[in-house]
Amino acid sequence: MTLNIHSHFNRMSQSELLNYIVRFVDYIVKENVEVIALQECSQTHSAKKAEGGLPGFFLLTCNETVIREDNCAYLIAKELEKKGLKYYWTWTGAKFGYDIYDEGLALFSIAPVLKTEEHYISQTREYSNWKTRKVIGMKILCGEESIWFYSVHMGWWKDKEEPFKPQFLKLHQVTREKENVFLMGDFNSRSDVRGEGYDLIKKLGWLDTYNMAEDKGSGITVPGKIDGWKDAKSGMRIDYIWTKKKRNIIFSKVIFDGNHGAVISDHFGIMIAVE
């Protein structure tokens with residue numbers, strides 16, 4: 001499952017944030033989701049450091065990472081633990097966003113995690129630059145095979161400073177030697193626009209699980225205008241789950257859209273079932 005969760009948006013109160021997280025976790029528990037990728041999973045830069053042991057099984061990918069009291073991933077892990085579920089999880093801050101937040105990426109797994117890693121895919125590594133981009137990865141033991149899962153948040157194709165193409169080529173290089181890989185997240189690239197990011201990913205051999213699914217709907221994950229897409233005139237499919245290997249995808253479903261789970265972000269999420 002993947003979702004650009006857009007946590008802390010509009011400087012929401014702590015009670016509002018917790019309300020969204022409870023709804024999110026209730027859906028995860030109901031659907032028994034095994035792997036979760038989150039983008040724009042944030043914390044307030046000035047918030048106090050989380051005290052005591054962290055919930056679930058936290059895995060560090062960067063020694064500079066500090067988990068704060070209102071960290072979205074931390075609160076999710078805490079709520080999951082209240083439900084009797086201990087997920088393996090990791091979080092990294094990618095950049096300083098909206099002049100107040102550590103905007104980050106997170107991954108959760110109910111199955112054991114063998115390894116974690118993070119990589120810059122943007123040219124800039126300045127934390128104060130809102131165009132800085134990272135990916136975060138987990139190598140997870142799924143039955144008898146190990147699979148890499150990455151949470152991904154890309155730049156835009158036509159961005160002058162940090163365009164999509166070199167970022168994805170860097171990500172493609174990072175995963176080149178890995179056979180079993182899923183890329184999950186907000187790719188900021190429309191599926192209905194030719195000659196840009198979507199076509200580049202396919203050209204490099206990646207398979208869109210939406211197209212492979214036996215059962216699927218429209219796939220639309222952004223219904224209208226949002227930050228970064230102020231000129232959008234219709235619904236867009238810009239969030240994806242890509243894979244390297246051909247697999248039997250039972251379904252690809254849009255979630256947190258008001259029909260399958262409450263709307264909790266400016267993006268809808270995607271959930272797939274793999275045989």
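A salt bridge is taken here as a side-chain nitrogen of Lys or Arg within 4 Å of a carboxyl oxygen of Asp or Glu. In this predicted model, the side chains of Asp-159 and Lys-131 fit that description, with an N to O distance of 2.9 Å. The pair ties together distant parts of the chain: Asp-159 sits in the loop between β8 and α3, while Lys-131 sits in the loop between β6 (113-120) and β7 (134-142), 28 residues apart. Both Asp-159 and Lys-131 are buried. The pairing is also part of something wider, as Lys-131, Asp-159 and Glu-161 are linked in a network of salt bridges.

Overall, the structure holds 13 salt bridges. Another one brings Lys-158 and Glu-196 together, with their side chains meeting at 3.8 Å, N to O. This pair, too, links distant parts of the chain, with Lys-158 in the loop between β8 and α3 and Glu-196 in the loop between β9 (181-186) and α4 (197-203), 38 residues apart. Lys-158 counts as exposed because its relative accessibility is 67%, above the 50% cut-off. Elsewhere, the side chains of Asp-26 and Lys-83 meet at 3.0 Å, N to O, in a further salt bridge. Here Asp-26 belongs to helix α1 and Lys-83 to the loop between α2 and β4, with their positions 57 residues apart in the chain. Asp-26 comes out as partly exposed, at 34% relative accessibility, and Lys-83 is also partly exposed, at 41%.

Back in the loop between β8 (145-153) and α3 (164-174), Glu-162 is a curious case. Glu-162 is buried yet has no salt bridge, and the nearest side chain of opposite charge, that of Arg-133, is 7.3 Å away. That gap rules out a salt bridge with Arg-133, because the cut-off is 4 Å. What does the side chain of Glu-162 reach instead? One partner is the backbone nitrogen of Thr-124, at 3.0 Å. Another is the side chain of Gln-167, with which the Glu-162 side chain makes a polar contact at 3.3 Å. Setting aside residues up to four places away in sequence, Glu-162 touches Ser-122, Gln-123, Thr-124, Lys-131, Gly-155, Trp-156 and Gln-167.

Gln-167 itself is placed in helix α3. Its relative accessible area is just 1%, so Gln-167 falls well within the buried class, which covers values under 20%. Beyond its neighbours up to four places away in sequence, Gln-167 touches Ile-121, Ser-122, Lys-131, Arg-133, Met-154, Gly-155 and Glu-162.

Turning to the nonpolar interior, the largest core has 33 residues, of which Met-1, Ile-5, Phe-24, Ile-36, Leu-38, Ile-76 and Phe-108 touch the most other members. At least two residues of this core come from each of α1, β2, α2, β4 and β5, and α2 gives the most, with seven. Phe-24 shows what such a position looks like: leaving out neighbours within four places in sequence, Phe-24 is in contact with Met-1, Leu-3, Ile-5, Ile-36, Leu-38, Ile-76, Phe-256 and Ile-264. There is also a second, separate core of 19 residues, with Trp-148, Met-154, Phe-168 and Leu-200 among them.

Helix α2 (residues 72-82) is mostly covered, with eight of its 11 residues buried. These are Cys-72, Ala-73, Tyr-74, Leu-75, Ile-76, Ala-77, Glu-79 and Leu-80. They pack against α1 (14-31), β2 (35-44), β4 (88-97) and β5 (101-109). At the start of α2, a side-chain oxygen of Asn-71 comes to within 2.9 Å of the backbone nitrogen of Ala-73. Just after the helix, Gly-84 takes a positive phi of about 85 degrees.

Two other residues have a positive phi without being glycine. Most residues other than glycine have a negative phi. Asn-32 has a phi near 55 degrees and lies in the loop between α1 and β2. Asp-99 has a phi near 65 degrees and is found in the loop between β4 and β5. Asn-32 is exposed, with a relative accessible area of 58%, and Asp-99 is exposed as well, at 68%.

Definitions and conventions: Residues numbered from 1 in each chain as written. Predicted model: local features only at pLDDT ≥ 70, side-chain atom pairs only at ≥ 80, totals over all residues. Heavy atoms only, no water. Helix = DSSP H or I, 4+ residues; strand = E, 2+ residues; numbered from the N terminus. Buried < 20%, exposed > 50% of the residue type's maximum accessible area, 1.4 Å probe, protein only. Lys, Arg positive; Asp, Glu negative; His and termini not counted. Polar contact = N/O pair within 3.5 Å; in protein donor to acceptor, adjacent residues only side chain to side chain. Contact = heavy atoms within 4.5 Å. Core = buried A, V, L, I, M, F, W, Y, C linked by side-chain atoms within 4.5 Å.
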